[in-house]
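Hi,

Here is the structure I promised to pass on. Have a look at it first, and then read my notes underneath.

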Protein chains: 2
Amino acid sequence: MEYPSKLLTQVIDEIAKLPGIGKRTALRLALHLLKQPVEQSENLSQAILQFRTGIKHCRVCHNISDTEVCDICTDRSRNHNLVCVVEDVRDVMAIESTGEYRGVYHVLGGLISPIDGVGPSDLSIAALINRLAEEPVEEVVLALSATVDGDTTNFYLYRKITTLALPPKVSTIARGIGIGEELEYADEVTLARSILNRVPFEKSIKQQ
Amino acid sequence: MEYPSKLLTQVIDEIAKLPGIGKRTALRLALHLLKQPVEQSENLSQAILQFRTGIKHCRVCHNISDTEVCDICTDRSRNHNLVCVVEDVRDVMAIESTGEYRGVYHVLGGLISPIDGVGPSDLSIAALINRLAEEPVEEVVLALSATVDGDTTNFYLYRKITTLALPPKVSTIARGIGIGEELEYADEVTLARSILNRVPFEKSIKQQ
């Protein structure tokens with residue numbers, strides 16, 4: 001489609017580069033900005049630039065942060081011998097919002113995905129192995145998605161970690177039927193796992 | 001939800017002000033930008049600012065434009081005695097893409113909507129009436145949406161235009177069954193209109 005203005009064409013092209021946003025939506029967003037005060041566009045423009053150029057990755061856990069070392073890694077009240085490995089910052093936020101985890105994190109920045117051309121060297125895996133070799137970590141919890149890429153990454157990490165001189169314990173988050181989910185609608189693999197990895201009833205009561 | 005960085009919080013707040021984009025999507029977009037080269041964010045940021053501060057509205061038809069008077073209004077090969085009244089630039093683009101209209105436009109910039117607090121003075125209606133009083137326009141085509149707001153605006157414009165000293169002819173785009181649409185699924189109002197406003201068969205053949 002042809003737009004009546006070069007500035008409009010330019011802003012639509014740039015907005016439509018974002019994932020899940022097509023040219024039609026980009027046009028709608030641009031026209032929306034035009035109806036709002038100039039300040040809104042100025043703030044949006046500035047926030048994007050400041051975020052992209054100013055954001056840091058925590059030197060320890062590689063989570064995004066405003067400082068060299070993030071708030072979680074500098075929190076001495078947390079258990080630094082327990083490291084939870086996650087894909088990205090969204091998973092950190094999800095686990096933090098449960099309020100149940102008091103260990104620290106390691107953010108991979110993605111998953112190994114041969115199809116998308118993402119290899120171990122594109123992720124912060126070497127940094128994790130170094131960290132485990134240097135710090136007295138007792139347990140690593142692998143909390144990756146239950147997908148092909150997640151499983152591939154799990155196995156790669158497990159092999160790498162167990163070849164360390166003093167390997168920590170490696171665990172993975174429990175798979176099973178979600179709370180409030182109906183048994184009959186669960187897929188076979190999940191249901192099978194939830195039976196194989198059953199927990200003592202007394203323990204499940206205590207967690208409620 | 002709490003974000004681990006002020007810069008991230010800021011960019012999410014600004015992106016989520018856009019219509020149809022929530023905080024979760026805003027976070028996904030921000031993390032996407034982080035994985036792309038810095039240049040992409042710089043270009044996006046700059047395009048938004050340049051668009052918002054640099055865009056002009058055509059002095060004649062109020063369509064958005066890079067110049068004082070837009071390309072359509074300066075095109076001498078078009079029929080300047082035929083003015084099509086539309087809601088916004090998207091309608092201009094839609095009609096232009098048919099390649100069948102050779103008149104000029106007048107962009108209202110919205111529709112009269114008492115519920116949303118949009119009155120005639122918020123739109124370029126006074127400018128349209130002035131234009132019709134000064135220029136030798138023969139026909140005005142009202143091409144607004146067939147909604148309550150569209151109808152309200154149609155009636156308001158019709159009353160205003162017919163009180164002019166030398167009022168032009170006022171027409172509205174045809175409503176009816178869309179090409180390729182099945183009769184049985186059309187709503188009653190549309191079907192009734194398409195029968196009342198039937199056209200001679202010879203004429204419909206010529207348009208194919």
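Below is what turned up, going from the whole chain to the pairing of the chains and then to single residues.

One thing before anything else: this is a predicted model, so please read everything here in that light.

**The chain as a whole**

Let's start with chain A. It has nine helices and six strands. The C-alpha trace spans about 65 × 45 × 35 Å along the principal axes of chain A. The radius of gyration of chain A is 22 Å, whereas a compact globule of 208 residues would have one near 17 Å. Buried residues account for 27% of the 208 residues in chain A. If you count contacts in chain A between residues at least 6 apart in sequence, 43% of them join residues at least 24 apart.

The domain assignment splits chain A into domain 1 (6–54), domain 2 (75–173) and domain 3 (177–208). The C-alpha centres of domain 2 and domain 3 of chain A are 24 Å apart.

**How the two chains pair up**

How is chain B related to chain A? A rotation of 180 degrees, with 0.0 Å of shift along its axis, puts chain B on chain A with an RMSD of 0.1 Å. That is what a two-fold axis does. Both copies use the same surface, since 100% of the contact residues of chain B recur in chain A. In chain B, the residue that comes closest to the rotation axis is S45(B), with its C-alpha at 2.1 Å.

The contact itself takes 48 residues from chain B and 48 residues from chain A. On the side of chain B that touches chain A, the elements giving two or more residues are α1 (6–15), α2 (23–35), α3 (38–54), β2 (64–65) and α5 (89–98) of chain B. Which of these gives the largest share? That would be α3(B), with 15 residues. Sorted by class, that side of chain B has 26 nonpolar, 13 polar and nine charged residues.

**The nonpolar core**

In soluble globular proteins, nonpolar side chains tend to be buried together. Here, the largest nonpolar core has 84 residues. The residues with the most contacts inside this core are V11(A), A30(A) and V85(A), along with V11(B), A30(B) and V85(B). A30(B) is a good one to click on: leaving out residues up to four places away in sequence, A30(B) touches F51(A) from the other chain, plus L8(B), V11(B), I12(B) and I15(B).

**A few residues to look at**

H62 is worth a stop in both chains. H62(A) sits in the loop between β1 (56–57) and β2 (64–65) of chain A, and its phi is near 70 degrees, a positive value in a residue other than glycine. Is H62(A) buried or exposed? H62(A) has 22 other C-beta atoms within 10 Å, and the cut-off for buried is 20 or more, so H62(A) counts as buried. In chain B, H62(B) is in the loop between β1 and β2, with phi near 70 degrees. H62(B) is buried too, with 22 other C-beta atoms within 10 Å.

From there you can hop to A127(B), which lies in helix α6 (residues 125–134) of chain B. A127(B) and H62(B) are 65 residues apart in sequence, but their C-alpha atoms are 8.8 Å apart in space. A127(B) has 18 C-beta neighbours inside 10 Å, so A127(B) counts as partly exposed.

K56(B) is in strand β1 (residues 56–57) of chain B. With 15 other C-beta atoms within 10 Å, K56(B) is partly exposed. Not counting residues up to four places away in sequence, K56(B) touches S65(B), D66(B), T67(B) and E68(B). K56(B) and E138(B) are 82 residues apart in sequence, and 28 Å separates them C-alpha to C-alpha.

Last on the list is T163(B), in the loop between α7 (148–162) and β6 (169–172) of chain B. T163(B) has 9 other C-beta atoms within 10 Å; the cut-off for exposed is 12 or fewer, so T163(B) is exposed. The C-alpha atoms of T163(B) and L29(B) are 52 Å apart, and the two residues are 134 residues apart along the chain.

Cheers

Conventions
Residues are numbered from 1 along each chain as its sequence is written. Chains are lettered from A and ligands numbered from 1 in the order in which they are written. This is a predicted model: local features need pLDDT of at least 70, side-chain atom pairs count only at pLDDT 80 or more; totals for chains, interfaces and linings use all residues. Helices (H or I, at least four residues) and strands (E, at least two) are DSSP runs, numbered from the N terminus. The radius of gyration is taken over C-alpha atoms; the globule rule is 2.2 Å times the number of residues to the power 0.38. Two residues are in contact if their C-beta atoms, placed from the backbone, lie within 7 Å. Domain bounds come from an automatic or database domain assignment. Copies are superposed by least squares on the C-alpha atoms of residues with pLDDT of at least 70 in both. Ala, Val, Leu, Ile, Met, Phe, Trp, Tyr, Cys and Pro count as nonpolar, Asp, Glu, Lys and Arg as charged, and the others, Gly among them, as polar. A nonpolar core is a set of buried Ala, Val, Leu, Ile, Met, Phe, Trp, Tyr and Cys residues joined through C-beta atoms within 7 Å.
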